[in-house]
Each structure stands twice: as C-alpha cells, then as structure tokens.
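Colleague: Hey, have you got a minute to walk me through this one? I'm new to reading structures.

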Amino acid sequence: MDKIRIRGGNRLNGSIQISGAKNAALPLMIVSLLTPETLTLSNVPRLADVRLLQRILQNHGVDIMIAGKRPGQNGQAGDVKQLSARTIADTTAPYDLVSKMRASFWVLGPLLGRCGEAKVSLPGGCAIGTRPVDMHLLAMEKLGAEIAIEGGYVIARAKDGLKGGQIAFDKVSVGATHAALMAAVLAHGDTVIDNAATEPEIGDVAECLVKMGAKIEGIHTKTLKITGVTSLHGAEHAVIADRIETGTYAMCAGMAGGDVTLKGANPAHLGAVIDVMRDAGITVEAAAGGIRIYRNGNGLAPVNVETQPYPGFPTDCQAQFMALMTRAHGTSMIRETIFENRFMHVQELARLGADIHLHGDTAEVRGVAKLTGAPVMATDLRASVSLVIAALAAEGETMINRVYHLDRGFETLEEKLSACGADVARIAGA
Ligand code: EPZ
C-alpha cells in the first residue's frame, strides 16, 4: 500500500488547479442511466471512486468512452467521458461493487425510473457512521414503488412506472435528494420534494437533467418541483469545481503560511468555509478565475465551528479545519452534527502532538505551539487529508499510511502541493 511522506515547515506559494467535484461527478455519471442517448461529461476528476463507479455502470450496460483532449483544453482539466446507456443490460447492482462505494446505491432511482425494476445491494456499514438508506426507500415508495429487502438487497418494482408524489424529508439528505430527483424525472405526473438538500452538487445534477429535457423548478432551493417526462435525451455538461478540495487546499495554505491561488475554484460555493478561515486570521479573496489564500506570519486565531447541511459549514471539511485549529492561539470547539462517528482523525492528530479532548459530538481543540512528525494512519477520505494539513506544519517527517483512502477523493495531491513548495512525496507500495 502506498504511503505519503511529508517533511513539514515549508511555506506554500504558487497556484493549484481545482478538479471537478467528486460528489457531483458520481451522481452525474449515474444520471446517464436515465437516457438511451449519450451524456458527455467534462471536467470529470481522475479518482478511485470514479473508476469504481465506471465499472458499476458498465455492469448495467453503460458504454463509457474517454474522449481525447480537445484543442486548447487545459492539460490539468479532468477527463471528458461519454456515457451511453442505449439499453440497460442488467438492473442488479451487486454487493461486491456497491459495498466498495456507497454512492453507487443511488442507481436505485434511475433504474426504477427507466426500467420499472431494480435490485440493489444495501451499502453496508461505514467508518464515519451508520448511514442508513431509509429515506431513499421512503422516497421510492412515495413514487409508487414496491420495496422489499431480501438477502441484503433492495428489491424494487414499479411495473407500470413510477408515479409523481409528495416527498417530505424529515431531515436533509444529499443522497436521498439525488435519488428522489433522478427517479421523479421519468415518473408519471408531478412530484414535490420538500426539505431537499441544497448542496451545489444537487444543483449541478438538476441543471444537467434540465439540459437532458427534464422539467424541474426550484433548483438550489429546499423545494423541488418535478413534472415527469416520458424520456430524456443526451446532453453535454461540465462538472462543477470541487468545493471540498478547494477548502482543503485553502486550509493547507492557511496552515503552512504562504500565498496560493486556487484556479477554477468557485467562491460562491464556499461561503461558510471562507468565513471561518477569515475568523482564524487567514486572508481569502476572490482572484481571476479562482480564490487567493494567504497568511503571512500572523498566528491562527481559535474559531468554534458546527457542521451543518449546505450552506452551513460542510462536514467534509471538519477534519481539515480541526487540523488547522491544532496550531491556533487558544481553544476551539468543533461540533459534528451530520455523522455520529467522524472523529477518527483525533487520535492520529494526537500522534503529531495535537491536544484534543472529545465531549460526545464536540471536540475541544487546545492549540499547541508545535506539532512533530510521526507515522500516522489514514482512516477515511477526509480524515486522511487532515493528517496532510497537520504534517505540513509539523517539525520533521510524517509518514501517512493507507493513502488509498485519500486517492478516493483527491486527484494528484502530492503533485499539486509540491508544485507550491511542499516537501511531499508518495512512497509506492511500501
Ligand atoms: C453525501 O453523503 C456525500 N457523499 C458525503 O461526502 C457528505 O458527507 C454527505 O453527503 C453530507 O454532506 C457523496 O456525495 C458521494 P446524507 P450522503 O444522506 O448522501 C442520514 C465525502 O467525504 N441519513 O446527506 O450519504 C445520514 O446517516 C462523503 O465525500 C439517514 O438517516 O449523506 C447522515 O447522518 C462522506 N437516512 C445524514 O442523514 C437516509 O436514508 C446526512 O447524510 C439517508 C441519510
């Protein structure tokens, strides 16, 4: 298994190209199941999760072509993928694939919407929380599907097709909103989704569906109104920039000090993250085609944060911000309200000398004068990159193990950081 070695202390200066958003690319690729025509997605990040989803979609019969670079296309931009689900060869999503990546469970909605049947493995457990799918199943039932659970699989049927309905979620779920939206676009009649998630990735999927001929009102609001259509056609769509990757590199620059421009980043998607970084004493400003981050010498101020659904502070930036606060001049309280077990990074940060005390869903982070490099273990995608952020400021060498977690969601991280002066390298298959 690869490792990443970081020698801390270098300031970061330069620019980083932000990749397409993992959490938009995955549902957008799944949308291809809804039409027999070709969906062309550009700015698709080269990530382990994307490659795995590609196998899952090919298993359903989707032809996937990676189009060559177009003239003048920025070399660092993501892939252009052409996805064609002319026919759905198989409506089963097997356990051995779904268990590797939870988002693949979202094929349930499009398969039901297009084929009137689906057999999808339940995703199983996850390091950061129980993560049930009850709201996904509730949404399918509200659209008239019959749902049964057999042998670890969801067996769903809507032999006369899905029917429009009222879906009111009792809490905000990104995945359940994606699933309900993707199912409702081909249902007979009107659907209203109340208390829908408003993450930018939801908006990106809805805008792509509209390009394919779907009828959706209220995009970017908590109430989505969908008028079902009989079929969808092909389209071309560019994946939005990854706001979580943006927040991560912004915190790398904030931690190490220096001056970094994040090219392709969309400041509008980062509201809460930018606010807390400014409160911590880091300068964040819009720059041509991106965001500029700099911190020169002044220390970090402690900031209290609570994770919330968008536009609140994203849970996917919680671990990264905790790493930043380990060096603040004072104590920060970080409350995790979305997932019940998303503090796996605390003990690993403690190995680098951090002083963090857990009180249920809240971490009390007492800033320390210095961190010291050590061997540490990545435990999940976002926890892994919090160790990178801490290591950038730690004295000496840090060796991060199990970086396959990181590769799921960060494209060429070591190249991007070393191009800005970080002493970071991947140690292959050590
Ligand atoms: C999406 O996961 C993201 N994944 C997660 O990012 C992100 O942390 C999460 O949204 C919250 O923003 C992708 O986009 C692929 P939820 P999702 O449904 O859809 C509970 C990353 O690091 N819930 O919004 O699975 C659930 O347990 C990943 O990139 C139910 O109770 O998250 C959680 O407590 C990690 N029943 C809360 O809702 C359900 O049926 C929010 O989960 C569904 C969810």
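Modeller: Sure, one word before we start: contact means heavy atoms within 4.5 Å. This is a predicted model, where local features need pLDDT of at least 70 and side-chain atom pairs count only at pLDDT 80 or more, while totals for chains, interfaces and linings use all residues. Residues are numbered from 1 along each chain as its sequence is written, and side-chain values use heavy atoms, with hydrogens and water left out.

Colleague: OK, then what is His 237 in contact with, leaving aside its neighbours within four places in sequence?

Modeller: With those neighbours set aside, His 237 is in contact with Leu 28, Thr 40, Leu 41, Ser 42, Asp 204, Cys 208 and Lys 211. With Asp 204 there is also a side-chain polar contact, at 2.7 Å. A polar contact is a pair of N or O atoms within 3.5 Å; within protein, one must be able to donate a hydrogen and the other to accept it, and residues adjacent in sequence count only if both atoms are side-chain atoms.

Colleague: And where does His 237 lie?

Modeller: In strand β14, residues 235–238. Strands (E, at least two residues) and helices (H or I, at least four) are DSSP runs, numbered from the N terminus.

Colleague: Does His 237 count as buried or exposed?

Modeller: Its relative accessibility is 5%, so His 237 counts as buried. The cut-offs are under 20% relative accessible area for buried, over 50% for exposed, and partly exposed in between (1.4 Å probe, protein chains only).

Colleague: Let's switch to the ligand. Which residues come nearest?

Modeller: There are 23 residues around the ligand, and Asp 134, Met 135, Ser 173, Asp 316 and Ile 338 come nearest. Being near a molecule or strand takes one heavy atom of the residue within 4 Å of it.

Colleague: Which atoms of the ligand lie 2.6 Å from a side chain?

Modeller: One is a nitrogen atom, 2.6 Å from an N or O atom in the side chain of Asp 134. Another is an oxygen atom, with a polar side-chain atom of Ser 173 at 2.6 Å. The backbone joins in too: an N or O atom of Gly 175 is 2.7 Å from an oxygen atom of the ligand.

Colleague: How much of the ligand does the protein bury?

Modeller: The protein buries 88% of the 840 Å² that the ligand exposes when taken alone. Those areas come from the Shrake-Rupley method with a 1.4 Å probe; for residues, only the protein chains shown count as cover.

Colleague: Which helices supply residues of that shell?

Modeller: α1 (22–31), α5 (134–142), α6 (174–184) and α12 (381–393) each give at least two. The largest share, 3 residues, is from α5.

Colleague: How many residues of α1 are buried?

Modeller: 9 of the 10, so α1 is largely enclosed by the rest of the structure. Among its buried residues are Lys 22, Pro 27, Leu 28 and Val 31.

Colleague: What comes after that helix?

Modeller: Ser 32 lies in the loop between α1 and β3 (38–44). Ser 32 counts as buried because its relative accessibility is 0%. Not counting residues up to four places away in sequence, Ser 32 touches Leu 39, Leu 57, Val 62, Leu 83 and Ala 85.

Colleague: New topic: which residues touch the most other members in the largest nonpolar core?

Modeller: Leu 108 and Leu 209, in a core of 76 residues. A nonpolar core is a set of buried Ala, Val, Leu, Ile, Met, Phe, Trp, Tyr and Cys residues joined through side-chain atoms within 4.5 Å. Apart from that one lies another core, of 72 residues, including Tyr 249 and Ala 390.

Colleague: What about Glu 285: where is its place?

Modeller: In strand β16, residues 283–287. Glu 285 has a relative accessible area of 28%, so it is partly exposed. Beyond the residues up to four places away in sequence, Glu 285 touches Arg 278, Ile 291, Arg 292 and Tyr 294.

Colleague: Any backbone oddities to look up?

Modeller: Try the peptide bond from Tyr 310 to Pro 311, which is cis, with omega near 5°. Pro 311 sits in the loop between β18 (305–306) and α10 (318–325). Then find Asn 43 in strand β3: Asn 43 isn't a glycine, yet has a positive phi of about 60°. Thr 412, also not a glycine, has a positive phi of about 45°, and is found in the loop between α13 (404–407) and α14 (413–418).
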